[in-house]
Amino acid sequence: MKIQFFTQDQAQELQNQNITHFVFLLHGKEMSESLQKIDQELDGQIQHALDYSNMEGKFAESICVFGNEIYQKITLLSLGEKSLKSSQFGQIGGHIAQHVFKDEKAAIFLPSQDKYQDLDIPNLIAQGVSLGSWRFMKYKTEENHKPSQLKALYMEAGDLDKSQKNYQLISSITEGTNVARDLVSEPGNQLYPESFKDRALELESLGCEVKVFDYEALKAKGMNAIVSVGQGSKQKPYMVVIKWKGDETKDPLALVGKGVTFDTGGISIKPSAGMEDMIFDMGGAASVFGVMKSLALRKSKSHVIGILGLAENMPSSSATRPGDVITAYSGKTVEIMNTDAEGRLVMADCITYAQKDEHAKQIIDLATLTGAMLVALGTERAGLFTNDEDWAKSLFDAGEETGDLLWHFPVGSEYDSHIKTRHADIKNTGKGRYGGAISAAKFLEAFVEEGTKWAHLDIAPTAWLYENKMPYVKGASGFGVRLLNQWIMEHYEE
Ligand code: BES
Ligand code: ZN
Ligand code: ZN
């Protein structure tokens, strides 16, 4: 979709563009000057509709008016009465995407006075439209399944220069988010460790360095935790390292993603109902991939190492058994109590690799790690665990700003007993059903060395949506791509 910004003075010229849908944003039910002008041309139809509809002027409420030959469809969309947070403009964009889904050309007009001087509202809205227009249609062959028809979006901008300058940056983040959603939506027979690795290699053309560790290499290095997860499948595990060296003078930040391309549970097999959803168990790796792609597209002045732990968790005669003891890459021994708690094993070796081989002192990991996180948070927020108070605040804030919402959980020593076990240093489960997301975070923490700043995002609640949550539509969200781009911009690119 092409986005073109225009100023109020240029609005008149839009009449020659064959635009079929005009969207006007309103503070409450207040008509802007440009809307009043159009209302005159339409003999007061718009005012009439506002007066006689049930619209109260609440956030994201809308009505449609059919105008004339030029203004074929008009949508009046309210921003509500109160001041909005930046993330809410993205939500508005997501709603607009649903209204204009079948139009090839649409235009969006801002409300009267722009009271948000420091926000780039046009880009926030445009990003919301792009995210809201996304669908995964790759395997739909029937004619009646149509993606968004929107080819051109005309977006009013108060500060044309600013919006045009920012556009490249914002659209890189949008693209990274949507590519993560595409990856997450791929079924297990199409996206498996090897094919995911091939997708990562494509990032070389954007200037990333990509290093691949195959099954033999993982075994040779002693990365037995990731090996133990992947050994039950014909599709062997991989670890892929994607480096973006936009500013090598900076200390590297490692982003680690759980890439379990399908999670059957292994020998501790999952119940069959809903198992198909476990295609999204690589959502962490997909988001890391998406962030790396955004950084490369926008030539970020940062130094980031993306590490994807890729494995398929299958039951077979070569699969790991409950009760097995393995030695992880760090040297710690692990008693595998439940082969369905595989994500933490994959992540453990990647976290060790980040420190041992890449000398990273800063690590953020993303993983669809526990069902317990969903029990705790519902699907509205993802869990945040960290050993650094400043990171707790800055990551939380980046979440509020982008709408990829987080909530801070404890990982203190009071939980040490969760991962104690009979025959090894630690076990891969916790204390029954209680505090399961914290047990998993404690397990990861056991691989974080003294002096390493670390944050863990358990994105099991938010990687896949069962209903629309604007600007994301149901299905894969790419959760974390916008959040981490925002955080990296604020902390590494000054
Ligand atoms: N991939 C799952 C976690 C998950 C569940 C993500 C539901 C998204 C939705 C993970 O590998 C898992 O199965 N965890 C177990 C751990 C347990 C066996 C200790 C869980 O959460 O039940
Ligand atoms: Zn599992
Ligand atoms: Zn899993």
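Begin by selecting lysine 236 and tyrosine 215: the charged end of lysine 236 sits over the ring of tyrosine 215, 5.5 Å from its centre. Bear in mind throughout that this is a predicted model. A second arrangement of this kind can be selected next, where the charged end of lysine 356 sits over the ring of tyrosine 329, at 4.1 Å from the ring centre.

From there, move to the zinc ion (ligand 3) and display its donors, which are Lys258 through NZ, Asp263 and Asp281 through OD, and Glu342 through OE, at 1.9 to 2.4 Å. The six donor atoms around this ion subtend angles of 77 to 175°, and the arrangement is therefore octahedral. For comparison, ideal angles for six octahedral donors are 90 or 180 degrees. Along the chain, the donors of the zinc ion (ligand 3) follow the spacing K-x4-D-x17-D-x60-E. Now add the zinc ion (ligand 2) to the view, which lies 3.2 Å from the zinc ion (ligand 3), with aspartate 263 coordinating both. Because lysine 258 belongs to strand E9 (residues 253-263) while glutamate 342 belongs to the loop between strand E12 (333-335) and helix H10 (343-356), this pair ties together parts that are 84 residues apart in sequence. Both lysine 258 and glutamate 342 are buried.

Turn next to the aromatic rings, for which a search of the whole structure finds 14 pairs. One of them to select is phenylalanine 22 with phenylalanine 109, a stacked pair with 6.3 Å from centre to centre and 25° between the planes. The two rings link distant parts of the chain, since phenylalanine 22 is in strand E2 (residues 21-26) and phenylalanine 109 is in strand E5 (residues 105-109), 87 residues apart. Phenylalanine 22 is buried, with a relative accessible area of 2%, and phenylalanine 109 is likewise buried, with a value of 4%. Widening the selection to Phe6, Phe24 and Tyr71 as well shows a cluster that ring pairs link together with Phe22 and Phe109.

Finally, select helix H1 (residues 33-41), whose buried residues are Ser34, Leu35, Ile38 and Asp39. If you look down the axis of H1, these buried residues fall within an arc of 140°, so they line one face of the helix. What covers the buried residues of H1 includes E2, helix H2 (45-52) and strand E4 (73-78). Rotating to the face turned away from the buried side of H1 brings up the exposed residues Glu33, Lys37 and Gln40. The tour ends just after H1, at aspartate 43, which takes a positive phi of about 55°.

Methods
Residues are numbered from 1 along each chain as its sequence is written. Chains are lettered from A and ligands numbered from 1 in the order in which they are written. This is a predicted model: local features need pLDDT of at least 70, side-chain atom pairs count only at pLDDT 80 or more; totals for chains, interfaces and linings use all residues. Side-chain values use heavy atoms; hydrogens and water are left out. Rings of Phe, Tyr and Trp (its six-membered ring) pair if their centres lie within 6.5 Å; planes under 30 degrees apart count as stacked, over 60 as edge-to-face and the rest as tilted. Helices (H or I, at least four residues) and strands (E, at least two) are DSSP runs, numbered from the N terminus. Buried means under 20% relative accessible area, exposed over 50%, partly exposed in between (1.4 Å probe, protein chains only). A charge sits over a ring if NZ of Lys or CZ of Arg is within 6 Å of the ring centre and within 35 degrees of the ring normal. Donors are N, O and S atoms within 2.8 Å of the metal (3.2 Å for Na, K and Ca); water is not among the atoms, so sites may look incomplete. Four donors count as tetrahedral if all angles lie between 85 and 135 degrees; four count as square planar and six as octahedral if opposite donors are over 155 degrees apart and all others between 65 and 115; anything else is irregular. The arc is that of the directions from the helix axis to the C-beta atoms. Contact means heavy atoms within 4.5 Å.
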